[in-house]
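Let's take a walk through this model together, starting where protein and DNA meet. Have the coordinates open as you read.

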Protein chains: 2
Amino acid sequence: MSRKILIVEDEAAIREMLSFVMEQHGYQAVEANDYHQALEKITDPLPDMILLDWMLPGGTGVQLAKKLKSDDFTRNIPIIMLTARSEEDDKIRGLEVGADDYLTKPFSPKELMARIRAVFRRVTPTALDEPIEIEGLRLDPVSHRVTAFDERLDMGPTEFKLLHFFMTHPERVYSREQLLDHVWGTNVYVEDRTVDVHIRRLRQAIAAHSHDRLVQTVRGVGYRFSAR
Amino acid sequence: MSRKILIVEDEAAIREMLSFVMEQHGYQAVEANDYHQALEKITDPLPDMILLDWMLPGGTGVQLAKKLKSDDFTRNIPIIMLTARSEEDDKIRGLEVGADDYLTKPFSPKELMARIRAVFRRVTPTALDEPIEIEGLRLDPVSHRVTAFDERLDMGPTEFKLLHFFMTHPERVYSREQLLDHVWGTNVYVEDRTVDVHIRRLRQAIAAHSHDRLVQTVRGVGYRFSAR
DNA sequence: GATAAATTTCACAAAATTGTCGCAGAGTCA
DNA sequence: TGACTCTGCGACAATTTTGTGAAATTTATC
């Protein structure tokens with residue numbers, strides 16, 4: 001899951017440095033050098049985070065933050081603001097308009113990455129998943145294990161995700177496309193038939209106590225996970 | 001098991017109120033009114049939690065938190081910081097130095113207790129300083145030693161912390177990021193893959209009686225410590 | 001401030017997983 | 001039954017992920 005980060009900064013040197021560091025660490029960086037460019041580039045896939053220079057010409061940094069935080073679509077995107085060393089009270093104003101963290105220039109890439117990671121962690125609360133069990137087949141998201149009558153089963157990551165999805169959505173047919181969306185995630189291009197292969201691998205993995213019958217083919221439509 | 005809570009607060013009235021509430025609820029309260037007293041009283045039995053006033057004279061609250069969070073023995077003690085209403089950005093600074101929660105004055109005893117319970121629940125469901133043993137592999141936090149069937153094992157500090165974390169949180173997958181958060185601490189940024197290296201060194205260190213199988217790779221996800 | 005120890009990063013090897021084929025066999029319908 | 005479509009299966013090359021040794025960097029210690 002690659003995350004998109006929007007960088008709003010008027011100084012080209014800093015902007016490029018930021019962009020470089022982001023991409024080095026596997027984030028997708030999008031640059032904007034002023035208020036208007038920022039508004040343009042924010043659409044399509046919304047960014048997962050915004051690095052915002054506070055000192056944009058004309059004080060538009062504050063305005064931008066306010067605008068984003070008052071818009072339903074962008075309200076929840078965390079903002080890290082970048083301030084010069086002396087502007088101590090910027091912090092306060094930043095927090096007022098809803099920035100989630102701040103970073104004082106100059107800062108090291110390490111510092112920056114630490115902050116980004118911290119913010120992501122803060123905004124992404126960890127869900128607590130209960131184990132699911134059907135007919136002796138048990139999937140525990142926490143330990144990331146599947147057992148059949150307490151006997152450990154082995155399978156690949158995709159099979160695990162597939163089974164997880166099935167067990168949380170039983171008694172319902174899903175087309176191959178729908179499964180691709182839910183298990184593989186949108187915006188990946190793979191053939192429909194790939195699903196078949198993973199279905200087979202999943203069945204194989206849980207076949208020991210004939211749990212493979214739980215994964216049912218609905219001819220011409222897709223697959224269903226069902227106890228009956 | 002009565003838990004010890006250290007209260008660091010310069011205002012006598014508040015300090016005594018806190019102490020009273022703690023004891024009402026079965027906790028053992030220890031009071032300190034400044035930086036130095038806090039350091040004195042923290043020894044002997046380490047407290048299980050610290051309530052720290054952020055506004056200690058001379059800004060020593062922040063210093064104290066930093067010091068505690070950078071010391072091996074006190075790093076894992078949860079800190080709840082107490083801030084005045086207006087000091088909004090104290091939250092941020094607090095989270096930076098590793099405080100686990102904060103509470104804005106004035107607060108009700110109810111609120112306080114709820115927060116304390118929540119933090120205890122969050123940080124460690126397992127016992128604090130008891131030795132832990134799994135299949136002959138024994139880790140003693142007090143003497144800071146690891147043995148396999150009474151045979152002493154050698155490992156670096158990071159490996160020890162990693163093993164300690166694993167043994168107190170078994171049967172659970174952790175992503176490399178989560179391990180970084182829990183074992184390394186929140187305010188450092190290192191590459192994910194660094195975890196791999198320390199996992200290897202840990203496995204090496206405990207491999208003598210094939211305890212290395214306890215540290216399991218969950219492909220595409222992270223690592224798990226498990227007896228089975 | 002020099003030296004040693006520990007930590008992190010890097011580069012490459014090893015291992016596991018993935019997506020795609022072609023083909024066989026099963027199901028469907030006239 | 002025969003023609004057709006759809007699904008299951010084994011194989012395999014490409015890709016991704018992890019393991020490992022060693023160099024580079026940071027941190028601790030005297």
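How far is a base oxygen of DNA strand C from an N or O atom in the side chain of A:R201? The separation is 2.6 Å, a polar contact, meaning here a pair of N or O atoms within 3.5 Å. Before going on, a word on the ground rules: this is a predicted model, where local features need pLDDT of at least 70, side-chain atom pairs count only at pLDDT 80 or more, and totals for chains, interfaces and linings use all residues. Side-chain values use heavy atoms, without hydrogens and water, residues are numbered from 1 along each chain as its sequence is written, and chains are lettered from A and ligands numbered from 1 in the order in which they are written.

Stay with DNA strand C. The side chain of A:T194 places a polar atom 2.6 Å from a phosphate oxygen of this strand, and A:W184 does likewise at 3.0 Å. Helices α6 and α8 of chain A, together with α6 (157-168) and α8 of chain B, are the elements that give two or more residues to the surface near this DNA strand; helices (H or I, at least four residues) and strands (E, at least two) are DSSP runs, numbered from the N terminus. In total, 23 residues surround DNA strand C, where near means that a residue has a heavy atom within 4 Å. Sugar or phosphate holds 70% of the DNA strand C atoms within 4 Å of the protein, and bases hold the rest.

Now turn to DNA strand D. Here a polar side-chain atom of B:R200 lies 2.8 Å from a base nitrogen, while one of A:R219 lies 3.2 Å from a base oxygen. A:Y223 instead meets the backbone, with a side-chain N or O atom 2.7 Å from a phosphate oxygen. The largest share of this surface comes from α8(A), with five residues.

Finally, look at an open sheet in chain A, whose four strands run in the order β6-β7-β8-β9 with antiparallel pairing; strands pair if DSSP finds at least two bridges between them. At its edges are β6 (132-134) and β9 (151-153), each pairing on one side only. Strand β6(A) joins β7 (residues 137-140) of chain A over three bridges, and A:E133 stands opposite A:R138 in β7(A). Helix α6 (residues 157-168) of chain A packs on the sheet, touching β6, β7 and β8 (145-148) of chain A, with contact meaning heavy atoms within 4.5 Å.

Key
Axes are lines fitted to C-alpha atoms, for helices over the stretch in contact, and angles run from 0 to 180 degrees between N-to-C directions. A polar contact is a pair of N or O atoms within 3.5 Å; within protein, one must be able to donate a hydrogen and the other to accept it, and residues adjacent in sequence count only if both atoms are side-chain atoms.
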